[in-house]
Amino acid sequence: GEPPLHACFRPPTSQMTFSSTLRLPLLACIVALIANIPSFAVACAPSDVSILQDAAYTDMASTWIQTIEGTPKEDRMAVFSAEFRLFCKSEPMKRAALKAAIVYRAGSEAYVPKESLSELVVLGNSTGSYQLSFALPEAQVPAGEYKAELSLLGSDPSAAPLASISLFHSVPLITGRHTEILALLVTTAQAYYVATKYSAVN
């Protein structure tokens, strides 16, 4: 089988001569090294990269916290998550060390960087699937497009991103207690309508 990588770099011991060191399975070592080179090691220009979005998720998450006064307070966070795959010239990009910078815009306005989300780490697995997630307090998340610009870790920040993925967030017009009141009004109106129809029949 292939030797472990550390065996390829092991220095000769006092009992080993230079000639015996050369007897190491050099070809197997080379194969092992090549197998451990990520598929993105060869430079891939942004124009050669394509992205396939497998899933996108945006929602509001609520937790209740106790205030100093002892009264409960709702803490709402906007949660964003996306799963995707990258391809370089139609070949899957696996094990790439990626980062993401989030930019925002409303409508057709220019994108504005979200300063607190400029160096997001992107998770990946051996199959070439990647995931990024982030959350922001409700007060800091206006409705609009939140675009994740993807690039390799350690790359020049001024360089063009390899690819991007967009997530869209909308702010509900009615939230919290107002939703409960609206639901009560709708239920009351429906009950009144049914009672009116029943009285008319009888």
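**Exercise 1. Strand S4 and its partners**

Task: In this predicted model, find the bridge partner of Val103 in S9, then work out which strands pair with S4 and in which sense.

Solution.
- Step 1. Start at Val103 and look across to S9: the residue bridged to it there is Lys147.
- Step 2. Zoom out to the two strands. S4 and S9 run antiparallel and share eight bridges.
- Step 3. Now try S5, residues 112–113. S4 pairs with S5 in the antiparallel sense too, over two bridges, and Val103 stands opposite Pro113 there.
- Step 4. Move on to S6, residues 120–121. S4 and S6 are antiparallel with two bridges, and Ala100 has Leu120 as its bridge partner in S6.
- Step 5. Check the turn between S4 and S5. This hairpin has six residues between the strands, and Gly107 takes a positive phi near 65 degrees in it.
- Step 6. Ask how covered S4 is. Six of its eight residues are buried, so call the strand mostly covered.

**Exercise 2. Following the aromatic rings**

Task: Which residues form one aromatic cluster, and how are the Phe80–Tyr146 and Tyr104–Tyr146 pairs arranged?

Solution.
- Step 1. Count the pairs: the structure holds four.
- Step 2. Take Phe80 and Tyr146. Their ring centres are 5.0 Å apart with 45 degrees between the planes, a tilted pair.
- Step 3. Place the two rings in the chain. Phe80 belongs to S2 and Tyr146 to S9, so this pair ties together parts 66 residues apart in sequence.
- Step 4. Check the burial. Phe80 is buried, with a relative accessible area of 0%, and Tyr146 is buried with a value of 0%.
- Step 5. Go on to Tyr104 and Tyr146. This pair is also tilted, at 4.8 Å centre to centre and 40 degrees between the planes.
- Step 6. Place this pair as well. Tyr104 sits in S4 and Tyr146 in S9, so to speak a link between distant parts of the chain, 42 residues apart. Both Tyr104 and Tyr146 are buried.
- Step 7. Put the rings together: Phe80, Tyr104, Phe134 and Tyr146 make up one aromatic cluster.

**Exercise 3. Into the nonpolar core**

Task: How many residues does the largest nonpolar core have, and which strand supplies the largest share of it?

Solution.
- Step 1. Get the size: the largest core has 29 residues.
- Step 2. Pick out the hubs. Phe84, Leu86, Leu98, Val122, Leu132, Phe134 and Leu150 have the most contacts inside this core.
- Step 3. Sort by strand. S2 (72–88), S4 (98–105), S8 (129–137), S9 (144–152) and S10 (163–169) each put in at least two core residues. The largest share is that of S2, with six residues.
- Step 4. Look closely at one hub. Leaving out residues up to four places away in sequence, Leu132 touches Phe80, Ser81, Ala82, Phe84, Ala100, Val122, Ala148, Leu150 and Ile165.
- Step 5. Set this against the general picture: in soluble globular proteins, nonpolar side chains tend to be buried together.

**Exercise 4. Two odd phi angles**

Task: Are Lys89 and Arg95 buried, partly exposed or exposed, and where do they lie?

Solution.
- Step 1. Note the backbone. Lys89 has a positive phi of about 50 degrees although it is not a glycine; Arg95, also not a glycine, has a positive phi of about 60 degrees.
- Step 2. Locate them. Lys89 is in the loop between S2 and S3 (91–92), and Arg95 is in the loop between S3 and S4.
- Step 3. Classify them. Lys89 has a relative accessible area of 58%, over the 50% cut-off, so Lys89 is exposed. Arg95, at 42%, counts as partly exposed.

**Exercise 5. The whole chain, and how far to trust it**

Task: What is the order of helices and strands, and where does pLDDT stay under 50?

Solution.
- Step 1. Tally the elements: four helices and 10 strands.
- Step 2. Read along the sequence: α-α-α-β-β-β-β-β-β-β-β-β-β-α.
- Step 3. Add chain-wide values. Of the 202 residues, 25% count as buried. Among contacts with a separation of 6 or more, 63% join residues 24 or more positions apart.
- Step 4. Check the confidence. The mean pLDDT is 76, with 63% of residues at 70 or more.
- Step 5. Find the weak spots. Residues 16–24 stay under 50, and the model has four contacts for them beyond four places in sequence. Residues 30–42 are below 50 as well, with 20 contacts beyond near neighbours in sequence.
- Step 6. Apply the rule: where pLDDT is low, the predicted coordinates should not be read in detail.

Definitions and conventions
Residues numbered from 1 in each chain as written. Predicted model: local features only at pLDDT ≥ 70, side-chain atom pairs only at ≥ 80, totals over all residues. Heavy atoms only, no water. Core = buried A, V, L, I, M, F, W, Y, C linked by side-chain atoms within 4.5 Å. Buried < 20%, exposed > 50% of the residue type's maximum accessible area, 1.4 Å probe, protein only. Contact = heavy atoms within 4.5 Å. pLDDT = per-residue confidence, 0-100. Pairing = 2+ DSSP bridges. Phe/Tyr/Trp six-rings, centres within 6.5 Å; stacked < 30°, edge-to-face > 60°.
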